[in-house]
Amino acid sequence: MHEETDVVVIGGGNAGFSAAHAAAERGRRVLLLEKGDPGLAGGNSYFTAGAVRIAHDGLADVADLLDPDDRHAVTVLPPYPAEAFLADMAKVTEGRNDPDLTEVLVAESQDTLRWLHGKGLRYRLMYERQAYPDAQGRQVFWGGLAVGSTGGGKGLVEQHTAAAQKAGVEIRYGTRALDLLPDGPGVTWTDSAGRTGTVRAESVVLAAGGFEADADLRRRHLGEGWERAKVRGTPLNTGDMLTAALAAGAVPHGDWGTCHSVAWDAWFPGNEGDRELTNQLTRSGYPLGIVVNKRGERFLDEGSDFRNYTYAKYGARILAQPDGVAFQLFDATTRPQLRTEEYDMPGASVVTGATLAEVAAGIGVDAGALIRTVEEFNAGVRRDVPLDLAVKDGRAADVDPPKSNWAIPLETAPYYAFPVTCGITFTFGGLHADTSGRVLDADGTPLPGLFVCGEMLGGLFSGNYPGGSGLTAGAVFGRRAGSLA
């Protein structure tokens with residue numbers, strides 16, 4: 001099959017759909033090629049909780065974007081100005097984020113969400129993930145993140161799909177793009193029925209994700225041992241289009257040696273790419289407890305910052321431990337405060353014991369070592385400092401490594417140990433592009449008709465990531481690419 005159209009978008013996740021919407025509203029004929037069949041479509045976006053990080057001036061500034069909720073009347077949503085968003089991006093990447101891309105991401109974050117809302121996408125406040133009740137019974141949001149897609153990642157993809165279909169975008173499922181055409185914009189493809197073809201276009205928008213689902217590429221770029229990481233999301237992000245773009249003259253950009261990786265249920269059967277549970281296998285309650293390795297030793301500061309600023313780097317820390325496994329420990333005091341969707345999901349892996357020795361036996365850790373670790377931690381807790389989960393409260397544990405905030409002694413039975421491993425989400429390295437998503441060659445010249453967005457765009461993240469900024473970036477730069485394609 002040989003055909004022509006105006007714009008080809010490769011990848012049917014949040015970024016690809018955002019590009020398709022922007023191109024379609026300009027009257028472009030848009031063909032979206034999605035590698036997955038309908039039952040596997042949506043890319044990593046499908047597996048997310050749907051969180052989006054945007055700059056705003058508080059609840060009144062975003063209320064018109066949100067589904068109605070009676071809890072709004074008792075909600076404290078601190079403003080999150082652009083300056084704070086910019087500072088968070090620089091902080092978590094240790095200044096390695098591309099400043100031009102970051103400036104655009106922050107400046108257009110809320111406006112892009114409003115644009116999508118106008119196309120039928122729905123949003124809500126994520127009370128169950130991002131707020132704690134205070135003494136006055138108010139819901140207090142923390143960590144710069146509050147807004148999420150109604151229905152999570154599943155709802156996000158469903159609403160994107162409906163908007164694209166309404167706009168006349170042709171979505172072709174089960175179609176894998178293979179190579180970029182050497183003599184002008186276009187791609188070759190093959191589909192799940194074994195057919196092949198070529199599509200020529202004025203522009204091609206690459207939105208096909210990173211290489212996290214390819215064990216060989218993970219080992220090559222992230223290092224030895226990364227082949228053991230569990231793939232949280234789609235198994236289809238195997239770096240095909242990254243490879244094709246580099247072969248066509250694009251150049252790599254950003255940090256190809258790090259990725260977004262989280263604490264992930266280590267013992268859950270089939271703990272990769274579960275489209276029913278999606279992100280529920282994440283274990284993000286560690287700021288309320290302590291984390292130990294198979295030697296019974298702590299190895300990180302569980303309370304160094306809000307979870308939103310640490311969770312995406314802790315998967316790598318776990319992978320570096322013996323056998324790539326660790327255990328999150330809680331007691332009867334902290335266990336009820338853990339996210340229900342994660343820690344109470346059907347089949348969640350957990351070892352419970354009336355004593356620490358019982359827990360140690362259940363997780364295969366030396367009891368003496370575990371008890372020493374817990375006793376040293378408990379003794380180091382600054383009990384004179386009030387506990388406040390909605391702020392960085394400075395309630396530290398003076399141990400090595402320290403716990404900087406939210407140090408709560410583990411001293412009330414029963415005790416709980418949740419086994420975790422490294423769950424990889426997406427890779428940070430991508431293609432070099434300008435702020436409109438035009439892919440650049442080694443001289444910094446745009447390659448004719450070639451655009452990039454989503455996880456394939458390199459330069460925004462390195463080593464770590466502020467929660468919710470990935471979906472925002474996909475939408476912002478997808479819209480920008482589609483506005484020129």
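Let's start with T161. T161 sits in helix α7, residues 152–166. Keep in mind that this is a predicted model. Is T161 buried or exposed? Its relative accessibility is 13%, so T161 counts as buried, the cut-off being under 20%. What does T161 touch, leaving aside residues up to four places away in sequence? The answer is F17, I171 and Y173. There is also a long-range neighbour to look at. N14 is 147 residues away from T161 along the chain. Yet the C-alpha atoms of T161 and N14 are separated by 9.6 Å.

Next, the overall layout. The protein chain is divided into two parts: domain 1, made of 2–211 + 428–484, and domain 2, which is 260–422. Their C-alpha centres lie 31 Å apart. How many residues are in contact across the two domains? On the domain 1 side, 30 residues; on the domain 2 side, 22 residues.

That brings us to the largest pocket. Where does the largest pocket lie? Domain 1 and domain 2 both give residues to its lining, so the largest pocket lies between them. The space in the largest pocket is about 520 Å³. Its lining holds 28 residues. Nearest the centre you find A131, Y132, W142, Q337 and L389. By type, the lining has 17 nonpolar residues, five polar and six charged. Which elements supply at least two residues each? They are α6 (127–130), β7 (131–133) and α11 (340–343). α6 gives the largest share, four residues.

Now the second largest pocket. Its volume is about 250 Å³. It is lined by 15 residues, and L180, L181, P182, G184 and A248 are the closest to its centre. Two or more lining residues come from each of β11 (175–180), α9 (240–247) and β24 (446–452). Of these, β24 has the largest share, with four residues. Sorted by type, the lining of the second largest pocket has eleven nonpolar residues, three polar and one charged.

Stay with α9 for a moment, as α9 is one of the elements lining that second pocket. Which residues of α9 are buried? D240, M241, L242, A244 and A245. A word on helices in general. An α-helix has 3.6 residues a turn, so residues three or four places apart point the same way. Back to our helix. The buried residues of α9 pack against four strands: β2 (7–10), β11, β14 (203–206) and β22 (430–431). So β11 turns up twice: β11 packs against the buried residues of α9, and β11 also lines the second largest pocket. Just after α9 comes G249, with a positive phi of about 110°.

Last topic, the strands around β13. β13 covers residues 196–200 and pairs with β1, residues 2–4. β1 and β13 run parallel, joined by three bridges. Within that pairing, E3 in β1 has V199 as its bridge partner. On to β12, residues 186–191. β12 and β13 run antiparallel, and five bridges join them. Here G186 stands opposite R200 in β13. β12 and β13 form a hairpin, with four residues between the strands. Which residue of the hairpin takes a positive phi? G194 does, near 90°.

To recap. T161 counts as buried in this model. The largest pocket lies between domain 1 and domain 2. And β13 runs parallel to β1 but antiparallel to β12.

Notes
Residues numbered from 1 in each chain as written. Predicted model: local features only at pLDDT ≥ 70, side-chain atom pairs only at ≥ 80, totals over all residues. Heavy atoms only, no water. 1 Å grid on protein atoms, 1.4 Å probe; cavity = no way out; pocket = protein on both sides within 12 Å on 5 of 7 lines; lining within 4 Å. Points joined across faces, edges and corners; volume = space filled by probe spheres on them. Nonpolar A, V, L, I, M, F, W, Y, C, P; charged D, E, K, R; others polar. Domains from an automatic or database assignment. Pairing = 2+ DSSP bridges. Buried < 20%, exposed > 50% of the residue type's maximum accessible area, 1.4 Å probe, protein only. Contact = heavy atoms within 4.5 Å.
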